[in-house]
Amino acid sequence: MSTIEQIEKLREKANVTYTEAKAALDAASGDMLDAIISLEKQGKVKAPENGGSYATSLPKHEDYQEKKAQAKEKGESFSTLLGRFFRWCGRMIAKGNVHMLDVRRRGETIMQVPVTVLVLLLIVAFWVVVPLLVVGLFFGFRYFFCGPDLDKTGVNKVMDAAANAAESIKKDVMGSDY
């Protein structure tokens, strides 16, 4: 059952008579939007000027599935690509948390830093972290990566070669007495 306030509001919005507004609201069980749509279908209210329309029903499940299949044929949707990207980021963060940068001096481990933290530091403070790592080489620090995947690679050979090169440069600069 519709109230006087609803009927008056519909009359103002749709520019229809009191009787038409009451009949539309009663047919729509008091739902203002359904009443406007009903009046529009009867031709008593003109459609919005900007080309929009009113709709209260959802698309059928078959229509949705058909559109989804068409989108798949064209390629992957943005949300699918975004989901794949975030899953990849999650896997990389998980791997980075398992693998460590091992900082050693004279064979003794000084500290271990997760690779994820190292990457974040390199992103945020590249111009501070890289010089500190290089200066550390000249003070006798050696860097090694350890973890389930990194022990099998030659990355530690490269890190060792860099430490040896820094040691050689230090000896050349300091003289042969060092």
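Biologist: Before we look at this predicted model, what does buried mean, and is K170 buried or exposed?

Modeller: A residue is called buried when its relative accessible area is under 20%, and exposed when that area is over 50%. For K170 the relative accessible area is 14%, and because this lies under the 20% cut-off, K170 is buried.

Biologist: Which residue meets K170 in a salt bridge?

Modeller: Side chains of opposite charge can pair when their charged atoms come close. In helix α8 the partner lies three residues from K170, which means that the two are separated by about one helical turn. Their side chains meet at 3.7 Å, N to O, and the partner of K170 is E167.

Biologist: How far apart are the closest N and O atoms of D26 and K22?

Modeller: Both residues lie in helix α2, four residues apart, about one turn of the helix. An α-helix has 3.6 residues a turn, so residues three or four places apart point the same way. D26 is partly exposed at 37% relative accessible area, K22 is likewise partly exposed at 33%, and the closest N and O atoms of their salt bridge are 3.0 Å apart.

Biologist: Which residues of helix α6 are buried?

Modeller: Helix α6 runs over residues 115-124, and what covers its buried residues includes α5, β1, β2, α7 and β3. The buried residues of α6 are V115, T116 and L118.

Biologist: Where around the axis of α6 do these buried residues lie?

Modeller: They cover an arc of only 160° around the axis, and therefore they lie on the same side of α6.

Notes. Residues are numbered from 1 along each chain as its sequence is written. This is a predicted model: local features need pLDDT of at least 70, side-chain atom pairs count only at pLDDT 80 or more; totals for chains, interfaces and linings use all residues. Side-chain values use heavy atoms; hydrogens and water are left out. Buried means under 20% relative accessible area, exposed over 50%, partly exposed in between (1.4 Å probe, protein chains only). The arc is that of the directions from the helix axis to the C-beta atoms. Contact means heavy atoms within 4.5 Å. A salt bridge is a side-chain nitrogen of Lys or Arg within 4 Å of a carboxyl oxygen of Asp or Glu.
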